Each structure stands twice: as structure tokens, then as C-alpha cells.
2 protein chains.
Amino acid sequence: MRKDAQRNRERLLAAADAMFREHGVEVSVGEIADAAGVGRGTLFRNFANKDALVAAVLGERLSEVLDFGRDLLEHDADDAEVTFTFLAGLVARQEENRALLQAATDELFKAPELQRAHIALMELFGALLARGKRAGAIRPEATATDMLMLVKGLCMFAPVEQPLSQDTIIRHLDLIRAALTTPAYSKPLRGRPAPLPV
Amino acid sequence: MRKDAQRNRERLLAAADAMFREHGVEVSVGEIADAAGVGRGTLFRNFANKDALVAAVLGERLSEVLDFGRDLLEHDADDAEVTFTFLAGLVARQEENRALLQAATDELFKAPELQRAHIALMELFGALLARGKRAGAIRPEATATDMLMLVKGLCMFAPVEQPLSQDTIIRHLDLIRAALTTPAYSKPLRGRPAPLPV
DNA sequence: ACACAAACGGACCAGTGGGTCCGGTTATGC
DNA sequence: GCATAACCGGACCCACTGGTCCGTTTGTGT
């Protein structure tokens with residue numbers, strides 16, 4: 001592979017990533033190519049079609065999340081809290097990834113590379129929950145799927161163009177906590193009046 | 001207003017409703033007009049633009065939900081459970097409305113008619129929760145906004161084309177219940193192994 | 001029955017999307 | 001430094017979208 005080719009591929013990935021974060025996955029391939037400073041032709045030579053590009057970027061993001069979670073699993077000693085530490089961290093950097101997660105349809109996950117990532121993610125969730133359960137902090141019946149649901153709910157809550165307020169995020173994290181926590185460990189939600197407009 | 005005009009308007013609303021349910025709010029106006037058996041011109045004479053059509057249908061759906069909730073509020077005596085009865089009912093007919101709810105952006109809610117509906121919805125949520133709290137079943141800090149978040153999370157969980165399995169729905173309802181319920185009232189989630197594929 | 005406004009519907013428009021193609025350019029092995 | 005294949009980029013293509021326009025049809029009041 002010629003090195004200019006590789007450089008262009010990286011530029012494309014970086015540009016796509018940036019555009020997806022900012023404008024959602026709907027941005028046109030043209031805009032991405034422009035942002036990367038290459039022609040459309042180059043884009044399609046590197047990625048068979050737009051979905052392939054999305055999948056590639058999503059794959060990168062997922063592996064970051066996996067790294068983060070595994071690191072936590074290895075170095076965080078607090079069994080009762082790891083899950084929530086993880087979720088908080090996830091959400092902190094989630095604002096950037098919301099667009100991708102929203103685009104993460106089943107269709108996209110047919111790519112074998114992403115399938116592996118997904119399985120790995122579920123295993124990670126399982127491992128985190130297991131520690132919480134061992135400590136008696138997480139309901140024994142809670143599953144990795146539950147956790148995925150809750151996180152997805154947060155990501156999907158609003159369209160990408162409408163960034164989530166800090167308030168919304170905190171509130172949502174509290175809800176997730178309440179849903180997963182064992183009664184003995186449950187803390188009251190932060191009380192706050194409900195603002196009427198969405 | 002000529003009566004054929006009115007008939008066409010109703011046909012359009014019905015067709016739009018059906019198409020939105022089945023294919024999501026992305027269907028083109030052309031398809032909607034075709035399904036209604038009228039020309040595009042007729043569509044745009046009744047609704048200034050596509051958003052107006054979506055808003056009109058969404059308004060109808062919302063008012064159904066409001067009716068359902070208010071009825072429950074009036075006739076269901078079980079304070080501790082009304083909220084969950086409502087949610088279960090909502091979700092039962094939610095499969096049909098998911099597309100609309102997913103399309104319910106802030107942009108859309110600028111229509112004053114929808115703004116009123118939204119406020120009414122929040123008041124309904126508030127009233128339902130209030131009864132639960134009175135019975136000690138709902139966490140006192142839970143707000144209408146929380147409830148909206150949880151419901152939205154369920155609706156947004158997957159794209160419209162991918163119908164939610166009964167399993168997913170039940171599971172999600174359990175999570176919502178866990179998140180809103182007071183420890184004293186909490187029941188264990190239905191335990192079920194986590195299927196790996198999304 | 002008739003006249004006429006109201007309503008119709010589909011041809012049409014401009015804009016935008018993903019994806020292709022090919023004449024020119026550039027890195028690389030010799 | 002040269003030949004050559006890999007690689008480039010943007011002009012181009014077609015499908016499709018929301019929205020407009022206008023010649024034709026149709027309901028309705030008299």
C-alpha cells in the first residue's frame with residue numbers, strides 16, 4: 001500500500017469521525033470527503049459504501065469504550081461502584097459518540113468486525129455487573145442486555161443536534177442507577193423540579 | 001369547505017398515520033399522497049409542508065394517549081399501580097406510535113397546538129406519579145421528566161423498522177418500574193439470560 | 001340547469017444524496 | 001531518472017426528495 005494512500009485513509013477516518021460527532025451520521029459523503037481534503041473517489045476506494053465508513057468509525061469508538069471498561073475492571077477495586085463509575089465515564093465521553101450509537105442499527109452490526117465488538121461489549125457489561133452483584137449492590141437478575149437498554153435509552157433520548165444538558169445526563173444516570181441497584185444500596189434520586197419543555 | 005375536500009383531508013391523515021407507523025416518518029410525501037389516492041398538490045394544500053403533516057398526526061396520537069391516561073386517572077382506584085398500568089397500556093399501543101415519538105423533535109413542538117399537548121402530557125405524568133407517591137409506591141423525588149425519559153428510552157431503543165420483541169418490552173417495563181419504584185415496593189426483575197445479539 | 005369558485009392531480013422544478021468513471025498525477029522499484 | 005502501476009480527484013450519473021404550478025374537473029348556490 002502506498003503511503004499516501006494510507007495517509008488518505010486515516011484522514012478520511014478522522015474527518016468522518018469529526019463530522020459524525022458534530023452533525024450526526026447523516027452528513028453526506030461529499031462533505032466528509034471535502035473535510036478530509038480528498039475526492040469522493042478516494043473515499044469510495046477505501047470504503048465500499050457509506051455504511052462501511054460508518055462501521056469503521058463505530059468500530060474505533062467501540063474499542064475505546066472496551067479499553068476503558070477493561071481498564072476499570074482491572075484497576076478499580078470498588079465492586080459495588082465499578083458499574084456506575086463505568087457508566088459515568090461512558091456518558092462523559094458519550095456526548096461525542098451519541099451520533100454513532102444512534103446509527104448503530106442491526107444492519108450495521110452484520111459486519112463481522114462489529115459483531116465481535118458487540119459480543120465483547122456484552123461480556124464487559126456482564127463482568128461489571130457480576131462484580132456489583134458479588135458486592136450485593138446490583139440486583140441479581142440484572143443482565144447485560146438491561147444495561148445496554150438503559151444506556152441506549154440515554155443516547156437516543158434526543159437527536160444529536162440537540163446536545164444533552166448536564167442536568168439531563170445526571171438525572172438519567174440516577175435513573176439507571178435506581179433501575180440496577182439493589183434496594184439495600186439504593187439512594188434517593190436527586191430531587192429537582194421538572195422543567196416543562198422537553 | 002367542500003365535502004370532497006374534507007374527505008381528502010381525512011384520507012391524507014389516515015394514510016400518513018398508517019405509513020408513519022409502518023415505515024417511519026421518513027416516507028416521502030409522494031408515497032403518502034399515493035396511499036391516500038390523491039395528488040401531491042392536494043397534500044400540500046391541506047398541510048403547508050411535511051412537518052405540518054407530521055405534527056397533525058402526532059397531535060392526534062398524543063390526544064389519544066392523554067385520553068387513555070385521564071380515563072385511568074379517573075377510574076383506576078389502585079394508587080400504587082396506576083402509573084404502571086398506564087405505562088403498560090402506553091407501551092401496548094406504543095409499537096404503533098414509536099415512529100411518531102422518534103420524530104418528535106423540539107423543532108416539531110414549536111407548533112403551539114403540540115406545545116399544549118406536551119404540557120398536558122407532563123401534567124398527566126405528574127398526576128399519575130402523585131398518586132403513586134401518595135401510596136408510597138413511587139420514589140418521592142421522581143418527576144414527570146424522569147418518566148418521559150424512561151418512556152422515550154423505550155421508544156428510541158431501536159429503529160422503527162425493527163419491531164421490539166415482546167421480551168424487550170417486558171424487560172424494559174421492568175426496568176422502568178425498578179427505576180421509579182420505592183425500595184419497599186420493588187419487585188425483582190424477571191430474570192432472563194441476556195441474548196447476545198442486539 | 002348552469003355558472004363559477006373551489007378543489008384537484010400530476011407534470012414539473014431545483015436541490016441533494018450515494019456511487020461511478022476516467023484522464024491525469026505520483027510514489028516506488030529498478 | 002525512468003517506466004509503470006497504484007492512486008488521485010472531481011465531473012458526472014441517476015434516483016429521489018420536498019414543494020410549486022396550472023389546465024382540468026367537480027361540488028354547490030341560485
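What covers the buried residues of H8(B)? To reach the answer, it helps to walk through this predicted model step by step, beginning with a single chain and then turning to the pair of chains and the DNA.

Chain A is built from 9 helices and 0 strands, so that, when it is read along the sequence, its pattern is α-α-α-α-α-α-α-α-α. Along its principal axes, the C-alpha trace of this chain spans about 60 × 40 × 25 Å, and 36% of its 198 residues count as buried. If we take the contacts in chain A between residues at least 6 apart in sequence, 67% of them join residues at least 24 apart.

The domain assignment divides chain A into domain 1, covering residues 1–47, and domain 2, covering residues 50–185. The centres of these two domains of chain A, taken over C-alpha atoms, are separated by 27 Å, and 9 residues of domain 1 are in contact with 12 residues of domain 2. On the side of domain 1 of chain A that touches domain 2, the largest share, 5 residues, comes from H1(A), and the residues of that side divide into 6 nonpolar, 1 polar and 2 charged.

Two individual residues show how surroundings can be described at a finer scale. A:Thr105 lies in the loop between helix H6 (94–103) and H7 of chain A, and it counts as partly exposed because it has 15 C-beta neighbours inside 10 Å, where a buried residue would need 20 or more. Its C-alpha atom and that of A:Leu129 are separated by 25 Å, although the two residues are 24 residues apart along the chain. B:Ala55, by contrast, is found in helix H4 (residues 50–75) of chain B, and it is buried, with 24 other C-beta atoms within 10 Å. Leaving aside neighbours within four places in sequence, B:Ala55 is in contact with B:Leu108, B:Ala111 and B:Leu114, while B:Ala55 and B:Ala103, which are 48 residues apart in sequence, are 9.4 Å apart in space, C-alpha to C-alpha.

How, then, are the two protein chains arranged with respect to each other? Two copies of a chain are related by a rotation about an axis and a shift along it. Here a rotation of 179 degrees, with 0.1 Å of shift along its axis, superposes chain A on chain B with an RMSD of 0.1 Å, and that is the relation of a two-fold axis. Where the chains meet, 37 residues of chain A are in contact with 37 residues of chain B. Helix H7 (112–134), H8 and H9 of chain A each supply at least two residues of the side of chain A that touches chain B, and the largest share of that side, 9 residues, comes from H8(A). By class, the same side of chain A has 21 nonpolar, 9 polar and 7 charged residues. Because 100% of the interface residues of chain A are also interface residues in chain B, the copies meet through the same surface.

We can now return to the helix of the opening question. Helix H8 of chain B, residues 144–156, has 13 residues and reaches 18 Å from its first C-alpha to its last, close to the 18 Å expected at 1.5 Å a residue. Of these 13 residues 11 are buried, so H8(B) is largely enclosed by the rest of the structure; among the buried ones are B:Met147, B:Leu150, B:Leu154 and B:Met156. The cover over the buried residues of H8(B) includes helices H5 (82–92), H6 (94–103), H7 (112–134) and H9 (166–180) of chain B, together with helices H8 (144–156) and H9 (166–180) of chain A.

The last part of the picture is the DNA. DNA strand C is surrounded by 22 residues, of which the closest are A:Ser28, A:Gly41, B:Val38, B:Gly39 and B:Gly41. The elements that give two or more residues to the surface near this strand are helices H1 (3–23), H2 (29–36) and H3 (40–46) of chain A and helices H1 (3–23) and H3 (40–46) of chain B, with H3(B) giving the most, 4 residues. By class, the surface near DNA strand C has 5 nonpolar, 8 polar and 9 charged residues.

Around DNA strand D there are also 22 residues, and those that come nearest are A:Val38, A:Gly39, A:Gly41, B:Ser28 and B:Gly41. For this strand H3(A) gives the most to the nearby surface, with 4 residues, and the residues of that surface divide into 5 nonpolar, 8 polar and 9 charged.

Methods
Residues numbered from 1 in each chain as written. Chains lettered and ligands numbered in written order. Predicted model: local features only at pLDDT ≥ 70, side-chain atom pairs only at ≥ 80, totals over all residues. Buried ≥ 20, exposed ≤ 12 C-beta atoms within 10 Å, placed from the backbone. Contact = placed C-beta atoms within 7 Å. Least-squares fit on C-alpha atoms with pLDDT ≥ 70 in both. Near = placed C-beta within 6 Å. Nonpolar A, V, L, I, M, F, W, Y, C, P; charged D, E, K, R; others polar. Domains from an automatic or database assignment. Expected span 1.5 Å × (residues − 1).
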